[in-house]
Amino acid sequence: MANNNNLQESSPLLSKQVSVEEDEKKNLNVNNSTDVAASPAARTGAGFGWTADGLPLVHGSVVGEPMGRSQWDSSLLACLGRNDEFCSSDVEVCLLGSVAPCVLYGSNVERLGSAPGTFANHCLPYSGLYLIGNSFFGWNCLAPWFSYPTRTAIRRKFNLEASESSGGCCGSCLEDEVQREQCESACDFATHVFCHACALCQEGRELRRRLPHPGFNAQPVLVMIPPGEQTMGRGD
């Protein structure tokens, strides 16, 4: 009997069977843990929110719940901005919005896009629409159709509330994120149509506080200076 026990204990088949059973238990534990982790995400459905970059974020994901939206730095009717370190910039924005809105709009898009030729590609078409609207209709009614998507891009990039930008919007009352975004985009359009100069100024103040001018992002140039001419002395 002692010999049989020794044979069973030293049998390689027995050790393989024990290892197989342990592997099956580990796999069952892993599957149970993944099912428990996936169940909250499955219960949430297909709802999503907008991140700071304007991308959908799934509820119950590993990232977490969607980010809470922040408020604009200044209100829509704060023409001179706030009394802080950007006070002089706010006055400049107010003057540009009143006298040369095409320049202010091109500057805003340039800060937002930071691509070569962005200023001219937006300032010139805006100027044409501005002149046509004032010449044929008596007011700037065409340029807001061209400029309002920039407001939506700013709001999505910095995860801002549209209700604050338009003095109260129905989008904050909607729970579905897709319908809320559509409603807030409509509010962006209405803000540009009825309060166009104020909307451009608010966007300019927001961008100047959040993004530096593209000209300040230039990388320093390293200049390599070759060493001076050297001569080898002949020893005596």
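These exercises work through salt bridges and one helix pair in a predicted model.

Residues are numbered from 1 along each chain as its sequence is written. In this predicted model, local features need pLDDT of at least 70, side-chain atom pairs count only at pLDDT 80 or more, and totals for chains, interfaces and linings use all residues, while side-chain values use heavy atoms, with hydrogens and water left out.

**Exercise 1. Find the partner of arginine 209 in a salt bridge, and place both residues in the fold.**

Step 1. Apply the criterion: a side-chain nitrogen of Lys or Arg within 4 Å of a carboxyl oxygen of Asp or Glu. The structure holds 12 such salt bridges.

Step 2. Arginine 209 pairs with aspartate 84; their closest N and O atoms are 3.0 Å apart.

Step 3. Arginine 209 lies in helix α9 (residues 196-210), and aspartate 84 in the loop between β2 (56-58) and α3 (87-99), so the bridge ties together parts that are 125 residues apart in sequence. Helices (H or I, at least four residues) and strands (E, at least two) are DSSP runs, numbered from the N terminus.

Step 4. Check burial: under 20% relative accessible area is buried, over 50% exposed, in between partly exposed (1.4 Å probe, protein chains only). Arginine 209, at 18% relative accessibility, counts as buried.

**Exercise 2. Trace the salt bridges of arginine 155 and arginine 180.**

Step 1. Arginine 155 bridges to glutamate 181, with 3.2 Å between the closest N and O atoms. Arginine 155 sits in helix α6 (residues 143-157) and glutamate 181 in helix α8 (residues 177-194), so parts 26 residues apart in sequence are tied together. Both residues of this pair, arginine 155 and glutamate 181, are buried.

Step 2. Arginine 180 bridges to glutamate 161, the closest N and O atoms being 2.9 Å apart. Arginine 180 is in helix α8, glutamate 161 in the loop between α6 and α7 (162-165), 19 residues apart. Arginine 180 and glutamate 161 are buried.

Step 3. Look for a network. Salt bridges link Arg151, Arg155, Arg156, Glu161, Arg180, Glu181, Glu184, Asp188 and Glu203.

**Exercise 3. Describe how α3 and α9 pack.**

Step 1. The angle is about 150°, and the axes are 9 Å apart. Axes are lines fitted to C-alpha atoms, for helices over the stretch in contact; angles run from 0 to 180 degrees between N-to-C directions.

Step 2. That makes α3 roughly antiparallel to α9, a class for angles over 145 degrees.

Step 3. List the contact (heavy atoms within 4.5 Å). From α3 come Ser89, Asp90, Val93, Cys94 and Gly97; from α9, Ala197, Cys201, Gly204, Arg205, Arg208 and Arg209.

Conventions: Parallel < 35°, antiparallel > 145°, perpendicular 65-115°, else oblique.
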